[in-house]
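Let's take a walk through the inside of this protein together, looking at its empty spaces, its packing and a few backbone details. Have the viewer ready and follow along.

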Amino acid sequence: MIISDINIKETLGAISSEVLNGQNYNRGDFARSILNYPAMMVPSVQEPIIKSLSETFPGEVSLIDPFMGASNTLVTGMKYGLNVFGQDINPLSLLISQVKISYYSLAELENAKELLRVRVDVDTSNSSEVHFYNIDKWFKEEVQIELSKIHQAICQEPTLKIRKFFWVALAEVVRLVSNDRTSTFKLHMRSLDEIQSRDLSAIDMFFSIVTRSIKDVNDYCSVLFENDLIEHDNYKKSAEVVWGDSHKKLNTDKKFNLLVTSPPYGDNQTTVTYGQFSFLPLQWIPSEDIDPNIEFNYLKTTMEIDSNSLGGKMIPNFLETQESLFKASPTLKQLFELFDSDEKKKARKIINFFHDLDKSIDTMMTKLHKGAFMVWTIGNRNVNKRLVKNDLILIDLMRTKEVELITDLERDILSKRMPGRNNFSDLMSKEKILIFKTP
């Protein structure tokens, strides 16, 4: 049944707080647990919104997420038979998403796992075949050897799609067996005493994670099959994910009815450092198995991905850009009027972020049909003990583009993996879901 625009606000307003807060989610839903990616969108939160909005369009509906992360928005759209497209600058995001939009049979994964196990078991190597700068800092020697055996065994898997599945499992293992602390998303070494006392088998952990991931992926693929969305071992509709920098270009010629996304709204230096989180796992995964056309050396430094992401670089003509943003957003201008001169220097990264976000919106608008809905999940945070009202600033920016706010919803961040502490901004506890409609 087609829901009229008049009823959209009422329909979305009826979504319970339990759903919005993610209290009813299952960790295994939508293959969500194959890798513990930072700040993942909660599928159960997005599901009723995507379902309700998609029903306002006759015929096939297409969805885009230009900051796809772990692609939970995309797989939620696939459950309802939408054509989906996602893009992200982080190669690890791309790899996870490539796996999650693919159809795998239980038999092919189980068979591949058993063959992989044999290859690992017969490997008698006592040194690592993988080398990179500071490897000894981040991995104990015995861990390096086990990770290398897994790496070599995956490389011998002939099917790229299955190699990708195993690379994602290895990425999660690398994160867990490294000498990096996992309490934040930044790269920080554990204490030497803690490193020496840890006794972990990367191989045992890998096969445990593979077994769990096979179940999770099979459960999700079964949902698609039961919904009659699989044909000839592929999703019936279009599902595409690509690497790209969304504030410069969206790498598709298609147009979309729905945009559902959550930008990296904490600055990437202090809150959710996706690049630092991904740096060690990506050292163990051949770039050609992700995408040989990625346009930058993402392993050059630990900060390379983050510095190329939204707000990661200082912008040219800063004062001119700042004044332009102040005209577009009175909320942003009012915030900066509260800062003293030193605080304004520290807060320049806020201007960098909104400059890049504004450019991203312009890029997105070119890929949306007339009357398309945009669903943005964004949180407010404190910088220099001042509240940055990201939601109101986004509304200001949209208004300059004649994009109408239909409604907003608020949720508590209960189940989204956010940083427990950082050095610049306070922990975010709430998010707004802002729903716009394009002219």
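Which helix gives the most to the lining of the largest pocket? Helix 17 does, with 3 residues. Please keep in mind that this is a predicted model.

**Pocket and cavities**

The largest pocket holds about 360 Å³ of space. Its lining is made up of 21 residues, and those closest to the pocket centre are I89, D245, H247, K248 and N308. Helix 17 spans 348-365, and helix 13 spans 304-308; each of these two helices supplies at least two residues of the lining of the largest pocket.

Now for the enclosed spaces. In general, rolling a probe the size of a water molecule over the atoms shows where empty space is left. Counting cavities of 30 Å³ or more gives 3 here. The second largest cavity has a volume of about 90 Å³. Lining this cavity are 14 residues, with R175, D180, R181, T182 and F277 nearest its centre. Which helix gives the most to the lining of that second largest cavity? Helix 12 does, with 4 residues. Helix 12 covers 274-283, and helix 9 covers 160-177; each supplies at least two residues of this lining.

**Nonpolar cores**

In soluble globular proteins, nonpolar side chains tend to be buried together. In this model the largest nonpolar core has 96 residues, and the members that touch the most other members are F139, L147, F206 and I435. Helix 11, residues 202-226, gives the most to this core, with 12 residues. A second, separate core has 40 residues, including M374, V388, L394 and F436.

L147 is a good residue to centre your view on. Which residues is L147 in contact with, leaving aside its neighbours within four places in sequence? They are F139, L170, V173, V174, V177, A202 and W284.

**Aromatic rings and charges over them**

A search of the whole structure finds 16 aromatic pairs. Here are two of them, side by side.

| Pair | Centre to centre | Between the planes | Geometry |
|---|---|---|---|
| F85 and F256 | 5.9 Å | 35 degrees | tilted |
| F132 and F139 | 6.3 Å | 90 degrees | edge-to-face |

The tilted pair of F85 and F256 links two strands: F85 lies in strand 2 (residues 83-88) and F256 in strand 6 (residues 256-261), so the pair ties together parts that are 171 residues apart in sequence. Are these two rings buried or exposed? F85 has 1% relative accessibility, so F85 counts as buried. F256, at 2% relative accessibility, counts as buried too.

In the edge-to-face pair, F132 and F139 are both buried. F139 also appears among the members of the largest core that touch the most others, and F139 is one of the contacts of L147.

Elsewhere, Y104, F165, F166, F206 and F207 form one aromatic cluster. F207 has a charged partner as well: R117 lies over the face of its ring, at 4.3 Å from the ring centre. A similar arrangement occurs at F318, where R348 lies over the face at 3.8 Å from the ring centre.

**A buried arginine**

R119 sits in helix 6, residues 106-121. Why does R119 count as buried? The relative accessible area of R119 is 18%, and the cut-off for buried is under 20%. Leaving aside neighbours within four places in sequence, R119 is in contact with A153, Q156 and E157. R119 and E157 are 38 residues apart in sequence, and their C-alpha atoms are 9.7 Å apart in space.

**Two backbone details**

Most residues other than glycine have a negative phi. N134 is not a glycine, yet its phi is positive, at about 70 degrees. N134 is found in the loop between helix 6 and helix 7 (135-138), and its 31% relative accessibility makes it partly exposed. D228, also a residue other than glycine, has a positive phi near 60 degrees. Where does D228 lie? D228 is in the loop between helix 11 and strand 3 (230-231).

Methods:
Residues are numbered from 1 along each chain as its sequence is written. This is a predicted model: local features need pLDDT of at least 70, side-chain atom pairs count only at pLDDT 80 or more; totals for chains, interfaces and linings use all residues. Side-chain values use heavy atoms; hydrogens and water are left out. A nonpolar core is a set of buried Ala, Val, Leu, Ile, Met, Phe, Trp, Tyr and Cys residues joined through side-chain atoms within 4.5 Å. Buried means under 20% relative accessible area, exposed over 50%, partly exposed in between (1.4 Å probe, protein chains only). Contact means heavy atoms within 4.5 Å. Rings of Phe, Tyr and Trp (its six-membered ring) pair if their centres lie within 6.5 Å; planes under 30 degrees apart count as stacked, over 60 as edge-to-face and the rest as tilted. A charge sits over a ring if NZ of Lys or CZ of Arg is within 6 Å of the ring centre and within 35 degrees of the ring normal. On a 1 Å grid over the protein atoms alone, a cavity is a set of points where a 1.4 Å probe fits but cannot get out, and a pocket is an open set with protein on both sides within 12 Å along at least five of seven lines; lining residues have an atom within 4 Å of a point. Grid points are joined across faces, edges and corners, and a volume is the space filled by probe spheres set on the points.
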